[in-house]
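Subject: Structure for your review

Dear colleague,

Please find the structure below, together with its sequence. My notes on what was found in it follow.

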Amino acid sequence: MAGTFGAGNELDVYYTAFTVPDLIASVLIFGAIGAAVIPIFSGHLIKDEKSAWRYISVFMNIFLGFLIAVCVILIIATPWLISFIAPGFSGEKREVAIAMMQIMFLSPIILGASNMISGVLQVFHRFFITALAPLMYNIGIITGILIFAPRMGITGLAWGVVFGGILHLSVQLPSFFFSGFRYRPDFDIKDPSVIKTIQLMAPRSLGLGAGQLNTIATTAIASTLMAGSIAVFNLANNLSSIFVNAVAVSISTAAFPAMSMNFIKQENGEFLRRFSSIIRQIIFLTIPLSLLLLILRAQVVRVILGAGRFDWSDTRLTTACLAVLAINLIAQALILFLSKSFYAACNTKIPAVISVVTVGLNITLSLLFVWLIKTFTVAQVIVKDVFRLEGMENIAVMGLALAYSITALAEAGILFKMFCNKFPEFSVREILNSFNKVAIASFIMFVLTFSTRQVIGVFVNLQNFWAVFFQLVVSGSVGVVVFIFVSHLQKSPELQTIKDSFLKKFLSQ
């Protein structure tokens, strides 16, 4: 996308058009279904498999009917939505955004069914298929970039999103039916399990809705800034999200069904043991990843995005935003897992309330930081000096990244504190011991990775793509090897867990 369209008006329109369909998907699908459907389906499955499948069929009928009605209403209301979300858009830019958003409202309907199926398959530990589904979704989007967009213009990206949703659903259907699902045209809205699901979903949906308001508020503010600001922020956020998804989403997804079972069976000791183990794994993986991304941010942006219409000014500004967002990797990962831990304990209210509070903080800080950078020369000079943006104008988008990171750190801290309050028997001693070891290994890794990057920079021409790629790979590899070696010397239990989970399985094959 970056190479084809650059960080300009076209990608601004694309990311803006994504906001409300993504809000619907997040509020009603991605988190809410997992938080409510998996525990209830698991509870049925323990007692009677037939009743479990009946519950899924009834709830899917009701849920998809509601989702279709919501999306039809929003398609009609799209012109008003664009005026609210992107007040800085006008003329053709606004009209294209309206058309793209209306197309993208087909996606939540498809993903609604598909993500419910994903939740059920995770209960049966069919993680390969559920991991394959989002890859197929991305293939659909890439098809939109490479095939649809050259023929249809920027709206081809919207049709790529819809196509990705179809692939996301199609790849999971065989496993879903193989697991035992049989469709029933049953719409019993008075079913006690359906009512309980809605009750669990409501606060979770509120929390996710509040979280998505961050994205909408960020888009609205960015639409009034320099063209390309929306694209720059989203591209930087997407790069940092790769690492969050690789660690937190995968670990949380795998652990959630088991933790739900532990809580349902009142196995609090095992529930907290799993919680502690996963928190320590997240710390072990995200702290070094965060530092590596911070050191090698320019190389990452140049290698992944720096081609085609994505020019040098786009690269510099995206790199600066990525530096800020890299700092909150551990916070983003912990937010995902801590929220799911509350859901596993059938408590969706606490994460919802915290999310509502922190969205207010993010909007306030975003407006404040953007205003400071736009208004005061001192603030501009500080930002330019710290993030190496000398000679660039219109850098107010940095205020959005700063606000986002501070808010994430605050939300993660509050969630962890509330979890400890809810489970007073939980001890943080193991986590602190693990954190100390990770901090030592990460510091040594940081020094040697930075030194390697600087030495390579002296001997190669960094105007060449392959030289930058070489610098990224070698410096990153040195960092990873050093971190693993120091962790081994410290006898880190998290490193041993990774060996037991992955290496032994591969070696046994």
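**Helix 19 and its surface patch**

Helix 19 spans residues 429-459, and Phe443 is found in it. Please bear in mind throughout that this is a predicted model. Phe443 is exposed, since its relative accessible area is 58% and the exposed class begins over 50%. Together with Ile440, Ile444, Val447 and Leu448, Phe443 makes a nonpolar surface patch of about 430 Å².

**Nonpolar core**

The largest nonpolar core has 157 residues. Within this core, the residues with the most contacts are Tyr14, Ile56, Phe63, Met100, Leu389 and Met398. Helix 2, which covers residues 9-47, supplies the largest share of the core, namely 18 residues.

**Salt bridges**

In total, the structure holds 8 salt bridges. I describe several of them below.

Arg309 forms a salt bridge with Glu10, and the closest N and O atoms are 3.0 Å apart. Glu10 belongs to helix 2, whereas Arg309 sits in the loop between helix 13 (297-304) and helix 14 (312-326). The two residues are 299 residues apart, and the pair thus links distant parts of the chain. Glu10 has a relative accessible area of 30% and is partly exposed.

Arg280, in helix 12 (residues 268-295), forms a salt bridge with Glu430 at 3.5 Å, N to O. Glu430 lies in helix 19, and this pair also links distant parts of the chain, 150 residues apart. Is each partner buried or exposed? Glu430 counts as partly exposed at 47% relative accessibility, whereas Arg280 is buried, with a relative accessible area of 13%. The latter assignment holds because buried means under 20% relative accessible area.

Which residue forms a salt bridge with Arg280 at 2.9 Å between the closest N and O atoms? That partner is Glu494. Glu494 lies in helix 21 (residues 493-508) and Arg280 in helix 12, so their salt bridge ties together parts that are 214 residues apart in sequence. Glu494 is buried, with a relative accessible area of 2%.

Finally, Glu270, Arg273 and Arg274 are joined into one network by salt bridges that share partners.

**Points to view together**

When you inspect the model, Arg280 may be viewed with both Glu430 and Glu494. Helix 2 may likewise be viewed for its 18 residues in the core and for Glu10, the partner of Arg309.

Yours sincerely

Methods
Residues are numbered from 1 along each chain as its sequence is written. This is a predicted model: local features need pLDDT of at least 70, side-chain atom pairs count only at pLDDT 80 or more; totals for chains, interfaces and linings use all residues. Side-chain values use heavy atoms; hydrogens and water are left out. A nonpolar core is a set of buried Ala, Val, Leu, Ile, Met, Phe, Trp, Tyr and Cys residues joined through side-chain atoms within 4.5 Å. Buried means under 20% relative accessible area, exposed over 50%, partly exposed in between (1.4 Å probe, protein chains only). Helices (H or I, at least four residues) and strands (E, at least two) are DSSP runs, numbered from the N terminus. Patches are made of residues with over 30% relative accessible area and no salt bridge: like charges are joined within 9 Å, nonpolar side chains (Val, Leu, Ile, Met, Phe, Trp, Tyr) within 5 Å. Accessible areas come from the Shrake-Rupley method with a 1.4 Å probe; for residues, only the protein chains shown count as cover. A salt bridge is a side-chain nitrogen of Lys or Arg within 4 Å of a carboxyl oxygen of Asp or Glu.
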